[in-house]
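Reader: I should like to request a close look at one part of this model, with its surroundings described in enough detail to follow the geometry. Please state the cut-offs behind each term.

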Amino acid sequence: MNELFVLRPALPRDADAIARVHVETWQNTYAGLVPSDYLARMSVARSSPQWHRAAARAEKGNDLMVAEVDEEVVGFVSFGPTRNPEMPYGGEVYALYVGVDWQGQGLGRRLLATALEALSKEKHKGAMVWVLAANPARFFYEAMGGERAGERLEEFAGTSLEELAYGWPDLESWLAQTKS
């Protein structure tokens, strides 16, 4: 793991950089998985407003963390209470993206562990994440101890996409194992 990474709560000034990582990783990772016209329309300018709002909220709750190298945002994780109350997890990782040039260096592990630790501190016993079934990143969540917890079809950009849920039912135990 590159020790030059700094993980910290996102600030409003990070929103454009978060949008850049978001767009670049989507266009790279989801090519062939989601409609190409959707990916072609993605831009930092279109994505920035949502990340400006998220970063402003994060100042109050630290539910959006960035990873930076030499003061450049190269990854981020967003998390909070589950958006799926029918699932048996109180917390959810909404988004975790690492810039293409920084993947495979342990940064995703650190971002996920940071999010799961924060969710545990917020008194969530368990947490989950949804990932496209065709996305190779699902193997990352399996390697990180996520248990397959569900599946669904999600209507997205005029098509149906299969998603899988991975869950960590006992965050306290998972955190203890990762620190030993």
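How many residues lie between E6 and E7 in the hairpin that they form, and which residue in the turn has a positive phi?

Author: The hairpin of E6 and E7 has 2 residues between its strands, and Ala157 in the turn has a positive phi of about 50 degrees. The model is a predicted one, in which local features need pLDDT of at least 70 and side-chain atom pairs count only at pLDDT 80 or more, while totals for chains, interfaces and linings use all residues. Residues are numbered from 1 along each chain as its sequence is written, and side-chain values use heavy atoms, with hydrogens and water left out.

Strand E6 covers residues 147–156 and strand E7 covers residues 159–168; helices (H or I, at least four residues) and strands (E, at least two) are DSSP runs numbered from the N terminus. E6 and E7 pair in the antiparallel sense over 9 bridges, where pairing requires that DSSP find at least two bridges between two strands. One point of reference along this ladder is Glu151, whose bridge partner in E7 is Leu164. On its other side, E7 pairs with E5 (127–132). The pairing of E5 with E7 is antiparallel as well, over 6 bridges, and Val131 stands opposite Leu164 in E7. Leu164 therefore has Glu151 as a partner and Val131 as the residue opposite, which means that E7 is flanked by E5 and E6 at this position, and with 7 of its 10 residues buried, E7 is largely enclosed by the rest of the structure. Buried here means under 20% relative accessible area, exposed over 50%, and partly exposed in between, with a 1.4 Å probe and protein chains only. As a general point, side chains in a regular strand alternate between the two faces of the sheet.

The hairpin belongs to an open sheet of 7 strands in the order E1-E2-E3-E4-E5-E7-E6, with mixed pairing. E6 is one of the edge strands, the other being E1 (6–9), and each of them pairs on one side only. From one strand to the next, the twist averages 25 degrees. Helix H1 packs on this sheet and touches E2, E3, E4 and E6; its direction makes about 90 degrees with that of E3. Axes are lines fitted to C-alpha atoms, for helices over the stretch in contact, and angles run from 0 to 180 degrees between N-to-C directions. Contact means heavy atoms within 4.5 Å.

At the other edge of the sheet, E1 pairs with E2 in the antiparallel sense over 4 bridges, and Arg8 stands opposite Val66 in E2. E2 (residues 64–69) is in turn joined to E3 by 6 bridges, again antiparallel, with Met65 having Val77 of E3 as its bridge partner. E2 and E3 likewise form a hairpin with 2 residues between them, and in this turn Asp70 has a positive phi of about 50 degrees. E3 (residues 72–81) is mostly covered, with 8 of its 10 residues buried. E3 also pairs with E4 (residues 91–98), antiparallel and over 7 bridges; Ser78 has Ala95 in E4 as its bridge partner.

Several residues outside the strands complete the picture. His124 lies in the loop between H4 and E5 and is buried, with a relative accessible area of 16%. Not counting residues up to four places away in sequence, His124 touches Pro81, Gly90, Gly91, Leu119 and Leu171. Trp51 is found in helix H3 and is also buried, at a relative accessible area of 5%. Apart from neighbours within four places in sequence, the contacts of Trp51 are Ala15, Ile18, Ala19, His22, Leu64 and Phe76. The C-alpha atom of Trp51 is separated by 29 Å from that of Arg148, 97 residues apart along the chain. Ser47 lies in helix H3 too, and its relative accessible area of 6% places it among the buried residues. With neighbours within four places in sequence set aside, Ser47 is in contact with Ala19, His22 and Val23. Arg46, in helix H3 as well, is by contrast exposed, with a relative accessible area of 59%. Between the C-alpha atoms of Arg46 and Gly126, which are 80 residues apart along the chain, the separation is 33 Å.
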